[in-house]
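Let's take a walk through this fold together, starting with its charged contacts and then moving on to its surface and its backbone. Keep the viewer open as you read.

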Amino acid sequence: MKEIESVFTSLRSFIHQRTPLQEEEWEIIKAHFHYQEAKANEHLLEEGRVCENLYYLYEGMMRFYVWKDGVDRTKFFAYPAYFFTSQASFHSQKSATENIQCLEDCRYLAISFKDRDWLKA
């Protein structure tokens with residue numbers, strides 16, 4: 001449980017560097033994020049599926065890639081402490097044109113599109 005708390009502490013620090021939060025604000029935000037883990041080579045998103053989450057990477061490394069002319073082409077990598085998602089798919093809630101793959105065992109937080117919109121309101 002202490003390990004999971006360190007993931008949330010990292011997220012809070014990341015947010016605090018950009019905007020200070022009152023304790024009550026933090027607790028509301030924290031309640032909408034969910035701790036998750038994935039093994040190396042697992043995919044968080046595959047082309048053709050809708051990206052339903054915004055992620056905060058705490059540990060591990062991920063890669064974004066597309067298939068073009070039958071070749072796997074890496075677009076970029078995500079490292080800790082970093083927010084990431086399939087921007088176009090997440091914001092439009094339409095099918096993704098890219099894949100998100102764990103290159104290492106990863107620990108991260110996820111917030112759904114619905115919960116993110118609720119927090120923005």
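A search of the whole structure, which is a predicted model, turns up seven salt bridges. A good one to start with is the contact between the side chains of Glu3 and Arg107, which come together at 3.4 Å, N to O. This pair ties distant parts of the chain together: Glu3 belongs to helix 1 (residues 2–16) and Arg107 to strand 8, 104 residues apart. The two ends of the bridge sit in opposite settings. Glu3 has a relative accessible area of 55%, so it counts as exposed, while Arg107, with a relative accessible area of 10%, is buried. There's a bit more going on here than a single pair, since Glu3, Glu59 and Arg107 are linked in a network of salt bridges.

Stay with helix 1 for a moment and look across to helix 2. The side chains of Lys30 and Glu5 make a salt bridge of 2.9 Å, N to O. Again the pair links distant parts of the chain, with Lys30 in helix 2 (residues 23–32) and Glu5 in helix 1, 25 residues apart. Glu5 is partly exposed because its relative accessibility is 36%, a value that lies between the 20% and 50% cut-offs for buried and exposed. A salt bridge also joins Glu23 and Arg12, with the closest N and O atoms 3.0 Å apart. Here too distant parts of the chain are linked: Glu23 is in helix 2 and Arg12 in helix 1, eleven residues apart. In this pair, Glu23 is partly exposed at a relative accessible area of 39%, and Arg12 is partly exposed at 26%.

Now turn helix 2 around its own axis. Which residues of helix 2 are buried? They are Trp26, Ile29, Lys30 and His32. Because these residues cover an arc of only 160 degrees around the axis, they lie on the same side of helix 2. The face turned away from that buried side carries the exposed residues Glu24 and Ala31. Lys30 is worth a second look, as it is among the buried residues of helix 2 and also takes part in the salt bridge with Glu5.

Next, the surface. Glu37, Glu42, Glu104 and Asp105 form a negative patch there. Glu37, one of its members, is placed in strand 1 (residues 34–38). With a relative accessible area of 53%, Glu37 is over the 50% cut-off, so it counts as exposed. There is a nonpolar patch as well, made by Phe77, Tyr79 and Leu103, with an area of about 270 Å². Leu103 sits in the loop between strand 7 (99–102) and strand 8 (106–112). At a relative accessible area of 30%, Leu103 is partly exposed.

What about the backbone? Two residues catch the eye in a phi check. Asp69 has a phi near 55 degrees, a positive value in a residue other than glycine. You'll find Asp69 in the loop between strand 4 (62–68) and strand 5 (71–78), and Asp69 counts as exposed because its relative accessibility is 69%. Then there is Gln93: not a glycine, yet its phi is positive, at about 60 degrees. Gln93 lies in the loop between helix 3 (87–92) and strand 7. With 28% relative accessibility, Gln93 counts as partly exposed.

To finish, try a couple of C-alpha distances. How far apart in space are Lys75 and Phe64, C-alpha to C-alpha? The separation is 5.5 Å, for two residues that are eleven apart in sequence. Lys75 is part of strand 5, and at 46% relative accessibility Lys75 is partly exposed. Tyr55 and Lys2 make the other pair: they are 53 residues apart in sequence, with a C-alpha to C-alpha distance of 20 Å. Tyr55 belongs to strand 3 (residues 53–59). Its relative accessibility is 5%, so Tyr55 counts as buried, the cut-off being under 20%.

Technical notes:
Residues numbered from 1 in each chain as written. Predicted model: local features only at pLDDT ≥ 70, side-chain atom pairs only at ≥ 80, totals over all residues. Heavy atoms only, no water. Patch = residues over 30% accessible without salt bridge, like charges linked within 9 Å, V, L, I, M, F, W, Y side chains within 5 Å. Areas by Shrake-Rupley, 256 points an atom, 1.4 Å probe, with all protein chains shown as cover. Salt bridge = Lys/Arg side-chain N within 4 Å of Asp/Glu carboxyl O. Lys, Arg positive; Asp, Glu negative; His and termini not counted. Charge placed at Lys NZ, Arg CZ, Asp CG, Glu CD. Helix = DSSP H or I, 4+ residues; strand = E, 2+ residues; numbered from the N terminus. Buried < 20%, exposed > 50% of the residue type's maximum accessible area, 1.4 Å probe, protein only. Arc of directions from axis to C-beta.
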